[in-house]
Amino acid sequence: MGWKAITRSVIGTSHKENNTPCQDYGACKIFDNIIVGAVADGAGSAQYSHIGAKKAVDTIINSFQNIINKPTQKLNPNLELSQEVVKKVFIKITDNIIKELEKEADKHKYEIKDLACTLIAFIATPQWLAAMQIGDGFILIDTPSQKCRMLFKPDKGEFFNETTFITSTHALEEMQIEVVFDKIEFICVSTDGIEKVAIHLATWQPHPPFFSPLRQYLEETNNPEKEDSYIQNFLESEKLNARTDDDKTLMLCLQI
């Protein structure tokens, strides 16, 4: 058993017009039969949020790599984790992210709020998945018992177009945690730039026809990181840009 995966981010049309950088960032890493991934969306109001998004994702990946590679504490793919244990792990990693953001802010004389971003992260083995979310965007999975299961409702805050960022004082209180004990067949993670086309916003239910071609693409593609024209063309398409002018990040993972 193993995984194949691809992550791509493209700048939104509004960011191009305003001459601002892509504030999304995503990355995943495969360790034999374990996969770790994270996606972050920098706050539009934060001047250096693109730096914060990358720092947050890199810290997640490095933190799990240290856990997985620890000689005395090898991660057992068959281990069934409790929600409480997973929450403690994600809180510790989030604390690490905040420390890294504080270092970055001190180094360049930023305020930490200038690095604000949302964050979705997960670790998956053949038998289970543990995931967290702070802010909006979404993570969706397929298992043998359920297709197109969205793990969390995106956090849109009290007022329209608001959300929680990892630098928010109440971030840990708003963090959503989920543990799934099942075979994880397919994972899709995205920033909020794709919510409008992937999710029925009135009910916050996923739109299955959006996800089926993405899974089929992974099933039919031997090396998605090198054969990425389908995903790249989709994210940059006029049809998609007509529906959303925001940055867009898409992460797709398939167990093989």
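**Reading the sheet and the cores**

Me: Which residue in β9 stands opposite Asp142?

Reply: Phe186 in β9 is opposite Asp142. This is a predicted model, in which local features need pLDDT of at least 70, side-chain atom pairs count only at pLDDT 80 or more, and totals for chains, interfaces and linings use all residues. Numbering starts from 1 along each chain as its sequence is written, and side-chain values use heavy atoms, without hydrogens and water.

Me: How many bridges join β6 to β9?

Reply: Strands are DSSP runs (E, at least two residues; helices are H or I, at least four), numbered from the N terminus, and two strands pair if DSSP finds at least two bridges between them. Here five bridges join β6 (138-143) to β9 (186-190), and the two run antiparallel.

Me: What is the strand order of the open sheet, and which strands stand at its edges?

Reply: The order is β1-β12-β9-β6-β7, with antiparallel pairing. β1 (3-10) and β7 (146-150) are the edge strands; each has a single partner, so one side of each lacks a neighbour in the sheet. From one strand to the next, the twist averages 10°.

Me: How should a nonpolar core be read, and which residues have the most contacts inside the largest one?

Reply: In soluble globular proteins, nonpolar side chains tend to be buried together. A core is a set of buried Ala, Val, Leu, Ile, Met, Phe, Trp, Tyr and Cys residues joined through side-chain atoms within 4.5 Å, buried being under 20% relative accessible area (1.4 Å probe, protein chains only). The largest has 36 residues, with Ile60, Phe90 and Leu119 making the most contacts inside it. Another core, of 24 residues, lies apart from it and includes Cys148 and Trp204.

Key:
Buried means under 20% relative accessible area, exposed over 50%, partly exposed in between (1.4 Å probe, protein chains only). Axes are lines fitted to C-alpha atoms, for helices over the stretch in contact, and angles run from 0 to 180 degrees between N-to-C directions.
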